[in-house]
Amino acid sequence: MTEDSRSRELAAALTATRERIAAAEAAAGRASGSARLMIVTKFFPAEDLARLVRLGADEFGENREPEAGRKVAQVRTELPEADFTMDMIGSVQRKKARTIARWARRVQSVDSAELTEALASAASKALDDGHRSTPLGVLLQISLDGDPARGGVVAEQLPALAEQVRGHDGALSLDGLMVIAPLHGQAAEHLAHAQRIAEDFRRDHPEAVELSSGMSGDLETAVEFGSTCVRVGTAIMGPRPLVSP
Ligand SMILES: *Cc1c(COP(=O)(O)O)cnc(C)c1O
């Protein structure tokens, strides 16, 4: 595939995905732009990230460090004027907190007290040494089925974790919740459940406005149930390569 044909392919998929989101917002009676598109570029090379930035996309997610940090650095070097953000959406090893705090706008997968402490100290260092200029955003990851393999905390654990994040005001900002719908069962039921949890949560934490839910296969349902951030990989990038580049 030539350079140009990959850019054209990405442009077409980006347009089609934006149309899906717009149609879902309209169907749900929601304001246009109230569900934002985050493009998940994991397993695809930095060149694809650069192509998408040139096409005007500006919110991205990655799930593995150090690959993510390398891609961000490469595109920032190549396109120094470009304005884009990268969120960490995968499970985080504590020893990687230091580097993640240098490039991530937010970590969407916060699910333990230990990780919160590690991110708070990493973010405060990154602020001190000029690697970042704003607090590190935090989304607490909800587990709807309690399956520890998929990460997340059950709803009962959210209040304590939220208080802990807020105790690091200045280094961390509590931005909302994230959910990965369990594999079994109906997506609609899971996403409706996540929406109820998010509504309860916002009563105590009105600033935590984000609900990151929905992927390529269920983004319409997620928008129907209050998603503010759909994380889309396959529908834009194509099927993931088997081996990481
Ligand atoms: C890979 C990934 C996605 C994107 O999934 P697609 O089905 O390819 O759209 C979304 N969220 C998380 C946490 C992911 O790891």
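Which helix is Arg70 found in? The answer, in this predicted model, is helix H3, which covers residues 67-78. Arg70 counts as exposed because its relative accessibility is 57%, and the cut-off for that label is over 50%. For a sense of distance across the fold, take Arg70 together with Glu207: they are 137 residues apart in sequence, and their C-alpha atoms lie 31 Å apart in space.

The stretch leading up to H3 has a quirk of its own. Pro66 is found in the loop between strand E2 (59-62) and H3, and the peptide bond from Glu65 to Pro66 is cis, with omega near 10 degrees. That is worth a second look because most peptide bonds are trans.

Going back along the chain, helix H2 (residues 46-54) tells another story about burial. Seven of its nine residues are buried, so H2 is largely enclosed by the rest of the structure. The buried set consists of Ala46, Asp48, Leu49, Ala50, Arg51, Leu52 and Val53. Asp48 and Arg51 are thus on the buried list, and both belong to the charged class. Just after H2 comes Gly56, with a positive phi of about 100 degrees.

A positive phi also turns up in the loop between strand E1 (36-40) and H2, where Phe43 lies. Phe43 takes a value of about 75 degrees although it is not a glycine. Most residues other than glycine have a negative phi. As for accessibility, Phe43 is partly exposed, with a relative accessible area of 23%; the buried label would need a value under 20%.

Now for the ligand. The ligand sits in the largest pocket, and the residues around it are Val40, Lys42, Ile89, Ile180, Met215, Ser216, Arg231, Val232, Gly233, Thr234 and Arg240. Sorted by class, this shell has five nonpolar, three polar and three charged residues. Lys42, Arg231 and Arg240 are the charged members, while Ser216, Gly233 and Thr234 make up the polar group.

Three contacts at 2.8 Å can be picked out, beginning with Arg231, which places a polar side-chain atom at 2.8 Å from a nitrogen atom of the ligand. Arg240 also uses a polar side-chain atom, this time 2.8 Å from an oxygen atom of the ligand. With Gly233 the partner is a backbone N or O atom, lying 2.8 Å from an oxygen atom of the ligand. Taken alone, the ligand exposes 380 Å², and the protein buries 87% of that.

Two members of the shell deserve a bit more detail. Thr234 is found in helix H9 (residues 234-237) and counts as partly exposed, at 38% relative accessibility. Thr234 and Gly146 are 88 residues apart in sequence, with 26 Å between their C-alpha atoms. Ile180, in turn, lies in the loop between strand E6 (172-179) and helix H7 (187-204). At 26% relative accessibility, Ile180 is partly exposed as well. The C-alpha atoms of Ile180 and Gly151 are separated by 8.8 Å, with their positions 29 residues apart along the chain.

That leaves Leu127, whose place is in helix H5 (residues 113-128). Leu127 comes out as partly exposed, at 25% relative accessibility. Leu127 and Ala208 are 81 residues apart along the chain, and 22 Å separates their C-alpha atoms.

Notes:
Residues numbered from 1 in each chain as written. Predicted model: local features only at pLDDT ≥ 70, side-chain atom pairs only at ≥ 80, totals over all residues. Heavy atoms only, no water. Near = heavy atom within 4 Å. Polar contact = N/O pair within 3.5 Å; in protein donor to acceptor, adjacent residues only side chain to side chain. Areas by Shrake-Rupley, 256 points an atom, 1.4 Å probe, with all protein chains shown as cover. 1 Å grid on protein atoms, 1.4 Å probe; cavity = no way out; pocket = protein on both sides within 12 Å on 5 of 7 lines; lining within 4 Å. Sits in = over half its atoms within 2 Å of the grid points. Buried < 20%, exposed > 50% of the residue type's maximum accessible area, 1.4 Å probe, protein only. Helix = DSSP H or I, 4+ residues; strand = E, 2+ residues; numbered from the N terminus.
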